[in-house]
Amino acid sequence: MQLSEQEVVRREKLAKLKEMGINPYPAALYPVDTKSTQIKKNYEEGKKVVIAGRLMSRRIQGKASFAELQDSEGRIQVYFNRDEICPGEDKSLYNDVYKKLLDIGDIIGVHGTLFTTQVGEKTVMVKHFDILSKSLRPLPLPKVDAEGHVYDEFNDPEQRYRQRYVDLVVNPRVKDTFVKRTKITNSIREFFNEMGYLEVETPILQPIPGGAAARPFVTHHNALNIPLYLRIANELYLKRLIVGGFEGVYEFSKDFRNEGMDRTHNPEFTVMELYVAYKDYHWMMETTERLLEKVAVDAHGSTKVKVGKREIDFKAPYPRVPLLTAIQEHTGYDLRGMSEEEIRVVAQNLDIEIDDSMGKGKLIDEIFGEKCEMHYIQPTFIIDYPKEMSPLTKEHRTYPELTERFELMVNGKEIANAYSELNDPIDQRERFEEQLKLSEKGDDEAMFIDQDFLRALEYGMPPTSGIGIGIDRLVMLMTNNASIQEVLFFPQMRPEKKLPDLSENEKAILGLLKQENPISLPVLKEKAGLSNKAWDKGMKGLNAHGLVKVVKEGENLLCTLL
C-alpha cells in the first residue's frame, strides 16, 4: 500500500505514542456526561464536564492553545494550558503528546471546567485529556485563504458517496439530511400507530417476486436447492395478513429492483406500504393528504417546503386528475377505447422509445411518464388507471375498463401508488394470466403467478385499500435534495477504479479537476500553484496514466477527466 507523506508521519506518531506507554485505541468506557449543545444551552460557569469528540482545529501559542472539538451534536471550543494539564514537573503530556503527536481528526476525551473567554465564547478549560482513537488519514478539511476564498472542500460527489464516513465529519449539512430522514419516518410511524395499525415484517427473500412489475435480483438457496428473489415489493405478504384478520398493517421495507440507476433510482430503496381493511382508494387519498401534511409540519414546521427554486405546499386537499384526461391534456391524444396497436402508433407519433414486448398498459405508462408527469409540481393525485396497467387493483365501480388506483405526483415525480385492492380470486387469477402472456412476449418486468397468494384470496380478503410511499423520494422532497444518493447513507456505486500510484503534484492537479470538470487549462495551472517544471511533470504523468486529456474548444484549452 502506497502511503502519502502525511500518512507516513501519522504512523510514526502512532509508534511514538506506543513507545510512551499510551494506548491510542483504549478499550475502557469513557465517562462522557455531556454534549456540545448541552454545554451551550445549559451553560454554568465553572461546571465540571467530561466530553469526547474529534479534534477539528487548533491554534497553538506556546504553552497555551485553543482548539475545536466536534461531537455528535456540533462543535465546542476547548482551551489547553500546559500548566493546567501538567501541574507537576513533567510537561510531556502537553509539550510532546498534545503539541507534537496529536493531529486534526484524532478522537480525544476531555475532563475540564467551563469558562467564558474575553470575547464571550463558551469554552472548556482542559484539566486532563486522553487519546481515544488516533487518525491515520488526514481529513479533507476546507481551507480559507487571506481573501476569504474557500478551497480543498470535500465536495466531489463520487468521493462523498464512497466515503460517507468522511462526508459526515466534514460536511455538517449532510448529517442534517439524515437526522431529518429519521424525523420523517418517525412522523409516519406516529401517524399510523395513533390510528391503531400494526407495524410488521415480511420476507426479503421470496420464492416469487410479486407485488410489482419490475426486474428482480435472483439468488440461490443452497440447502433447499431453489432459486430465490430479493423482494421487489411486500404487497402480497401484507395482504395475506389482512386475510389472516389484521385490519391495518404497515411496513418500512427494503425493496430491490435490478434496473437502471439515476438521480431518482437506486437498486436498493425503502418503501412504506400500508393496507387497511374495509377502506377504498378515496379514503386512502384523504388519509395520504393528512399524513403528508403532518410529515411536512414535523420536518419543517410548515406545510410549505422549498424544493429547488420552487415551493411545494402539502396542505390538503390535492387535485384528482384521471390518467387518460392528463394524457389528453398534455399530448392531445384521447386513448379511451384505443387498441394496443393504436396506442403503439400514438407513442411512435410522440417520439417515445418503445419495443415489441410492451403491452397496452406499459405503452400508456411510457406516454404518461415521458409527456405528462413532469407537469405536476404541486401534490396531485393521478387516478383511474386502465386495467392493463394495474393487475392487482379492483375494477372501477363506474368504468369497467378502468381500475380504482391513484399515483401521487409531486415535483414531477411519483412518490406514492395506491389501490382499492383486488380481492376477487377469480379476477386476480385472470389478471396474473394476462401478465404471464406479457412475460412470454418478452416483458421481463411482468408479474409472476403467485399460487399461494391466490389460495389466500380464495379464503376471503375483505375490501381493502393499500398504498406504497417511496421514502427515499419523499425525503428528497422534504430535504431539498435533487439526487437519491444524497438521502442514502451508502448508495450503490460502480466498483472503485484503482488509481495508479501518483505523485503529490499529480494528486493535487487531479483533486482540483474533480472539483471542476472540465476546466480551463490556464485556470487549472493557476489553481495548482506549481512551478512550470512541476506542472509539466504532473500533467505528463496524469496523461500517461490515461486520467486526463486536453482538448481545444474554440480559442480555449480545456482539461477534462477521462
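## Salt bridges, a surface patch and the nonpolar core

Asp103 is buried in this structure, its relative accessible area coming to 11%. The model is a predicted one, and 41 salt bridges are counted in it. The points below take up individual salt bridges, a nonpolar patch on the surface, and the largest nonpolar core.

**The Lys13–Asp103 pair**
- Lys13 and Asp103 form a salt bridge in which the closest N and O atoms lie 2.7 Å apart, and this pair links distant parts of the chain, the two residues being 90 residues apart.
- Lys13 belongs to helix H1 (residues 5–19), whereas Asp103 sits in the loop between helix H4 (92–101) and strand E4 (107–116).
- Lys13 has a relative accessible area of 16%, and because the limit for a buried residue is under 20%, Lys13 is classed as buried; Asp103, at 11%, is buried as well.

**Two further salt bridges**
- Glu395 pairs with Lys387 in a salt bridge whose closest N and O atoms are 2.5 Å apart.
- On the accessibility scale Glu395 is partly exposed, with a relative accessible area of 32%, and Lys387, at 26% relative accessibility, likewise counts as partly exposed.
- The side chains of Glu407 and Arg405 also meet in a salt bridge, with an N to O distance of 2.7 Å; Glu407 is buried, at a relative accessible area of 7%, and Arg405 counts as buried at 7% relative accessibility.

**A salt-bridge network**
- Lys13, Asp103, Asp106 and Lys134 are joined into one network through salt bridges that share partners.

**A nonpolar surface patch**
- Tyr165, Phe489 and Phe490 together make a nonpolar patch of about 390 Å² on the surface.
- Within this patch, Phe489 is placed in the loop between helix H15 (471–479) and helix H16 (504–515), and its relative accessible area of 39% makes Phe489 partly exposed.

**The largest nonpolar core**
- The largest nonpolar core holds 44 residues, of which Ile188, Phe192, Met272, Leu274, Phe314, Phe406 and Ile467 touch the most other members.
- Helix H9 (residues 281–300) supplies the largest share of this core, namely nine residues.
- When residues up to four places away in sequence are not counted, Phe314 touches Glu289, Leu292, Glu293, Ala296, Thr303, Val305, Pro379, Val410, Leu477 and Met478.

Terms used
Residues are numbered from 1 along each chain as its sequence is written. This is a predicted model: local features need pLDDT of at least 70, side-chain atom pairs count only at pLDDT 80 or more; totals for chains, interfaces and linings use all residues. Side-chain values use heavy atoms; hydrogens and water are left out. A salt bridge is a side-chain nitrogen of Lys or Arg within 4 Å of a carboxyl oxygen of Asp or Glu. Helices (H or I, at least four residues) and strands (E, at least two) are DSSP runs, numbered from the N terminus. Buried means under 20% relative accessible area, exposed over 50%, partly exposed in between (1.4 Å probe, protein chains only). Patches are made of residues with over 30% relative accessible area and no salt bridge: like charges are joined within 9 Å, nonpolar side chains (Val, Leu, Ile, Met, Phe, Trp, Tyr) within 5 Å. Accessible areas come from the Shrake-Rupley method with a 1.4 Å probe; for residues, only the protein chains shown count as cover. A nonpolar core is a set of buried Ala, Val, Leu, Ile, Met, Phe, Trp, Tyr and Cys residues joined through side-chain atoms within 4.5 Å. Contact means heavy atoms within 4.5 Å.
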